[in-house]
Amino acid sequence: MAGPAPSIKHAQLVRKAVEWLRHSYRCGIILSEQYCATGEVPDAIGWKGHCRSVVVECKVSRADFLADARKDFRLHPDVALGCERFYMAPAGIIRPDELPTSWGLLEYVRKTVHLAVKPARRDLRTPAGLMKEMNLLLASLRRVEVRIEPQTITDFLKWKNRMVEYNGGALPEGLLSDLAEPNPHLLPAESIADC
């Protein structure tokens, strides 16, 4: 084991996990520390194309890592979130041989995230885990809806339509139409079965 790691706060590690999911792992949708009815509150979870989810659990100490192993969704990984699962910690906190089966390890070293262990599998999510992810996403959408009321999410998402109407039938310069905007989460109908 390496010597003591420089002190880092959990919130800083979560921010680094979100950055890693967005920029290095290319997730399009990312949530961090969002609670839902399932009880599991992932430090960071992102979704890639084909509905593939990636969970990153951040641990700043060995005690935190060891306590996490006793949580119900760690003892019963068949009901946990994530097609892929990673722990992220300062280098030396978690040994690769301590990882749960098929998990990866991200190490925080000198203000950068290093992939220390690739996950052995990328298909860990079960139908029960998928339903829990849906609950998390729906709970998050509801939080957005409450904040934009009285406007609905549907109206909020159609703001470009209002811009076209306001601009005499054309999108203002620099805006792409919804159809031209890349979105890996909008799949052709034949691909939906793969989710």
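Let's start on helix α4, which spans residues 127-148 and carries methionine 131. This is a predicted model, and methionine 131 makes a handy first stop in it. Is methionine 131 buried or exposed? Its relative accessibility is 55%, so methionine 131 counts as exposed. It also has company: Met131 joins Leu130, Met134, Leu138 and Leu141 in a nonpolar patch on the surface. Together these residues offer about 460 Å² of accessible area.

**Into the largest core**

From the surface, we can step inside. The largest nonpolar core has 18 residues, and the members that touch the most others are Trp20, Leu21, Val56, Cys58, Phe86 and Met88. Which elements each supply at least two residues of this core? They are α1 (10-24), β3 (53-58), β4 (84-90) and β5 (104-109). Helix α1 provides the largest share of the core, with 6 residues.

Tryptophan 20 is a good guide to this region. With neighbours within four places in sequence set aside, tryptophan 20 is in contact with Tyr25, Val56, Phe86, Leu106 and Val113. Besides this core there is a second, separate one of 8 residues, with Tyr87, Ala89, Leu99 and Leu105 among them.

**Rings that meet**

How many aromatic pairs does the structure hold? There are 5 aromatic pairs. In one of them, tryptophan 20 and phenylalanine 86 have ring planes at 70° and centres 5.2 Å apart, so the pair is edge-to-face. This pair links distant parts of the chain, since tryptophan 20 belongs to helix α1 and phenylalanine 86 to strand β4, 66 residues apart. Tryptophan 20 is buried, with a relative accessible area of 8%, and phenylalanine 86 is buried too, at 0%.

Another edge-to-face pair is formed by phenylalanine 65 and tyrosine 87, with 5.0 Å from centre to centre and 85° between the planes. Here as well, distant parts of the chain are linked: phenylalanine 65 sits in helix α2 (residues 62-68) and tyrosine 87 in strand β4, 22 residues apart. Both phenylalanine 65 and tyrosine 87 are buried. Ring pairs also gather Trp20, Tyr25 and Phe86 into a cluster.

Here are the two pairs just described:

| Pair | Centre to centre | Angle between planes |
|---|---|---|
| Trp20 and Phe86 | 5.2 Å | 70° |
| Phe65 and Tyr87 | 5.0 Å | 85° |

**Two more residues to visit**

Isoleucine 94 lies in the loop between β4 and β5. Why does isoleucine 94 count as buried? Its relative accessible area is 3%, and buried means under 20%. Aside from neighbours within four places in sequence, isoleucine 94 is in contact with Arg62, Phe65, Tyr87, Ala89, Leu99, Leu105 and Glu107. So you can meet both rings of the pair formed by phenylalanine 65 and tyrosine 87 among the contacts of isoleucine 94. From C-alpha to C-alpha, isoleucine 94 and serine 61 are 8.6 Å apart in space, while 33 residues separate them in sequence.

Arginine 74 is our last stop, and it is found in helix α3 (residues 72-75). Is arginine 74 buried or exposed? At 13% relative accessibility, arginine 74 counts as buried. Not counting residues up to four places away in sequence, arginine 74 touches Glu40, Glu57, Asp68, Ala69, Tyr87 and Trp103. Tyr87 thus appears here among the contacts of arginine 74, and Tyr87 is also listed for isoleucine 94.

Definitions and conventions
Residues numbered from 1 in each chain as written. Predicted model: local features only at pLDDT ≥ 70, side-chain atom pairs only at ≥ 80, totals over all residues. Heavy atoms only, no water. Patch = residues over 30% accessible without salt bridge, like charges linked within 9 Å, V, L, I, M, F, W, Y side chains within 5 Å. Areas by Shrake-Rupley, 256 points an atom, 1.4 Å probe, with all protein chains shown as cover. Salt bridge = Lys/Arg side-chain N within 4 Å of Asp/Glu carboxyl O. Helix = DSSP H or I, 4+ residues; strand = E, 2+ residues; numbered from the N terminus. Buried < 20%, exposed > 50% of the residue type's maximum accessible area, 1.4 Å probe, protein only. Core = buried A, V, L, I, M, F, W, Y, C linked by side-chain atoms within 4.5 Å. Contact = heavy atoms within 4.5 Å. Phe/Tyr/Trp six-rings, centres within 6.5 Å; stacked < 30°, edge-to-face > 60°.
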